[in-house]
Amino acid sequence: MDFSPIAEIFEDMYKTNSRLVLIDHLVTLFNRTPFIIIKKIIYLLQGKLSPAYEGVELGLGEKLTIKAIAESSGISVKEVEVKFGSVGDLGEVAKEIAKNKYQQTLIREKITIERIYSTFEKIAKSTGSQSQFIKLRLISSLLNDATPLESKYIIKFLLGTLRLGIAEYSIIDALAIAYTGNKNNRKKIEETYNVYTDLGTIAEILCKRNLEGLNQLQMTPLKPIRPMLAERILDPTEGLKKADGKIAFEYKLDGERVQIHKDDSEVQLFSRSLEKITKHYPDIVDSIKKFSIQNCILEAEIVPLDLETKRIQPFQELMHRKRKYNIENVIMKYPIKVFLFDILYLEGKDLTEYEYTKRRAILESTAKKNRNNSIEVVKQIVSSELKDIEIFFRNAKDDGCEGLMLKQLNSKYRAGAREFLWMKLKKEYDNTLGDNFDLTVIGALLGRGKRTGYYGALLLAVYDKNSDTFQSICKVGTGFSDRDLELIYNELKNYVVEKKYYNVNSNLKMDIWFTPKLVLEVIASEITLSPLHTAAYGLVQKNFGLALRFPKYSGRIRVDKKPEDSTNTSELIQLFNRQVKRNKL
Ligand code: ATP
C-alpha cells in the first residue's frame with residue numbers, strides 16, 4: 001500500500017480541530033487498508049512499530065537525522081541546521097528541502113507502508129559500532145524516494161515527534177464504525193482492549209468483519225492488562241456505606257505501580273501506563289525468576305527504602321532507578337521493596353473472575369511459598385469497625401504510606417475500570433477535596449521578570465472521555481521551584497504547536513499551545529463554577545464550567561500517566577457535587 005495517501009491523511013489530521021472529522025479520516029483510512037497491513041497502520045498511528053508494551057525504540061537523534069536529510073538532498077549539514085534553527089521542526093525542514101529536490105528526481109521507487117515499516121524495523125534493530133552508519137544509509141535511501149509530504153512524516157516518526165494526538169478511544173471508535181458499521185460496538189472492543197492491549201491484533205480480527213473473534217483474545221502473561229482503578233472517598237464511613245458489612249483495608253503505598261509478568265524463565269515488568277520498565281528493576285526480575293511458578297501476573301507497588309533504616313522513602317527516590325547506566329551500583333545504593341497487592345493469573349488460569357478474598361488468599365499462599373526479603377504482601381485488615389480502621393490508618397501513616405485502599409470483599413478484578421469496588425482514602429482526607437488532581441498541560445503564558453525565558457503560568461485541563469477533548473480547568477503559576485520551571489519548560493518545548501490543538505477545548509487566550517502530553521499533579525482548595533473554563537461546561541450549570549480555586553503545583557510530574565489518564569470530567573463533577581453536599585452540612 002502506498003504511503004502517500006496516508007501522509008495526506010496525517011496532514012489532514014494535523015489540520016483538523018474536530019474529533020468527528022478526525023474519526024472520519026480514520027474510518028476512510030481503515031476502509032482502504034488491506035488486511036495484510038492493518039496491524040502496521042495501527043502501530044504507525046500510535047507512533048510505534050509494535051504495541052507500546054514491547055518497548056521497541058527507534059531512538060534516533062536530531063544529529064543523525066540532520067545528516068540524513070543533508071545526504072539525501074545534496075546540501076550541507078550546516079544549511080540543514082540553519083533551516084532547522086529558523087523553522088524549529090525537522091519534519092517541516094525535510095519537507096521544504098524535498099520540495100526543491102523532488103522535481104529534479106526522475107527515477108523514484110515508490111514508498112510503501114511495507115517498505116517504511118521494514119526500514120524502521122531495521123533501524124530499531126541495528127546496534128553496534130556500525131549502527132550509526134547503517135541507520136544513515138537506511139534513512140537516506142527512504143528520503144531519496146519520498147515526496148515532500150512523505151519526507152515530513154518519515155522524519156517525524158523517526159524522531160518520535162509524530163504526535164498525531166489520536167487517543168486510543170478515537171481509534172477504537174473508528175474501528176467500530178469502519179469494520180462493524182455500528183459505533184456502539186466500541187464497548188465490546190474496549191472490553192477486549194482492557195485485557196488484551198494490542199490494538200493491532202484487535203484491528204486484524206475486526207478487519208475480517210469478525211467481532212465475535214475478539215472473544216479469543218484472552219489475558220496472556222507478558223502482555224500487560226489495563227489496571228483496575230479506585231474511586232476517591234473522603235472518610236472511612238463513606239467506604240463502609242458502599243460495602244455490605246465488612247470491607248478490606250490495605251496500606252496505600254506511594255511508589256510506582258507495577259505489573260509483574262512471569263512466563264517460564266522470562267520476567268517482564270510493566271508500568272501503570274503499560275510501558276515496559278523491566279530494565280529499571282533487575283533485582284525484582286531476579287527474585288521473581290526464582291519463584292517456583294511456571295507463569296503468573298502479579299500487581300504490586302514498588303517503594304524506595306532508606307539504605308540504613310530500611311524505612312519507606314518518598315517516591316521521588318525511585319528516580320535513581322531510571323538511569324540507563326551503572327544500574328548495579330544504583331541497586332546497591334537505592335534499595336527498594338515490592339508490596340504485592342493482587343494476583344491476576346496463575347499457572348495458566350485467569351483469576352480476574354475470582355472474588356477479592358479468594359485472590360488475596362492465593363496471593364498470600366503464593367508469597368509464602370516463594371519467600372523473599374524484598375517482596376511482601378501489602379498489610380491488610382478486614383473490618384467494619386471504625387475503631388479498628390482508625391488505628392490501621394494511623395499505623396499506615398506512621399509507616400510512610402499515603403493512605404488506605406478499601407476493597408470490596410466480593411469484587412472481581414475489573415481491568416481498566418474505576419468504580420467503588422476499590423476506593424482510595426488519602427492522608428489529607430480532612431480537606432474537602434480529599435485528593436489531588438492530575439491535569440494535562442494544554443497552554444502557557446510566557447514568563448516575565450524572574451521567569452523570563454520560562455513559562456509564567458500553565459493552562460491545565462481535565463480529560464473528557466465522551467468527546468475525547470481536554471477542557472481547561474485552571475491556570476497555575478505557583479508551587480514551582482526554579483528547577484521545576486526549567487525542567488517543565490524543557491519538557492514542554494517538545495510539544496509546542498502553532499495553534500490550539502484539535503482536541504483542546506479552551507476559550508482563553510494563551511501565548512503558547514501544546515499537544516496534550518504532560519500530566520502534572522495539582523493541589524487546590526475548592527472547585528468553583530466558572531464562566532471562563534470549559535471543564536464539564538454546562539453539565540453542572542448552564543453557561544458555566546468548573547474551575548479550581550487556588551491551584552498549586554504539588555511538585556510531581558505524573559510520568560506514569562498518559563494524558564487520557566488525567567482527572568476526568570465525571571470524576572470532577574462527582575467531586576464538585578460531594579463538595580456542595582458537605583458545604584450544606
Ligand atoms: P493516585 O493519583 O492516587 O496514585 P492513580 O490515579 O494513579 O491514583 P488510583 O487507582 O486512583 O490510581 O489509585 C490507586 C493507586 O494506588 C494505584 O495505581 C497504585 O499505584 C497505588 N496503590 C498503593 N497501594 C495499593 C494497594 N494496596 N492496592 C492498590 N493500589 C495501590
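Start at Asp438: in this predicted model, Asp438 stands opposite Glu521 in strand 18. That pair belongs to a longer run of partnering, since strand 12 (residues 437-446) and strand 18 pair in the antiparallel sense over four bridges.

Now stay on strand 18 and look for its other partner. Strand 21 (residues 552-557) also pairs with strand 18 in the antiparallel sense, this time over three bridges. If you want a spot to click on there, try Ile523, which stands opposite Lys552 in strand 21. So how enclosed is strand 18 by the rest of the structure? Strand 18 covers residues 519-523, and four of its five residues are buried, meaning under 20% relative accessible area, so the strand is largely enclosed by the rest of the structure.

Next, jump back along the chain to a pair of helices. Two packed helices are described by the angle between their axes and the distance between the axes. For helix 8 (residues 131-145) and helix 9 (residues 148-159), the packing angle is about 155 degrees and the axes lie 9 Å apart. Angles over 145 degrees count as roughly antiparallel, so that is how helix 8 sits relative to helix 9. The crossing of helix 8 past helix 9 is right-handed.

Which residues make the contact? Helix 8 brings Ile139, Leu142, Leu143 and Asp145, while helix 9 answers with Glu150, Ser151, Ile154, Ile155 and Leu158. Sort the residues of this contact by character and you get six nonpolar, one polar and two charged.

Notes. Residues numbered from 1 in each chain as written. Predicted model: local features only at pLDDT ≥ 70, side-chain atom pairs only at ≥ 80, totals over all residues. Heavy atoms only, no water. Axes fitted to C-alpha atoms, helices over the stretch in contact; angles between N-to-C directions. Helix = DSSP H or I, 4+ residues; strand = E, 2+ residues; numbered from the N terminus. Parallel < 35°, antiparallel > 145°, perpendicular 65-115°, else oblique. Left-handed = near helix turned anticlockwise from the far one by under 90°. Contact = heavy atoms within 4.5 Å. Nonpolar A, V, L, I, M, F, W, Y, C, P; charged D, E, K, R; others polar. Buried < 20%, exposed > 50% of the residue type's maximum accessible area, 1.4 Å probe, protein only. Pairing = 2+ DSSP bridges.
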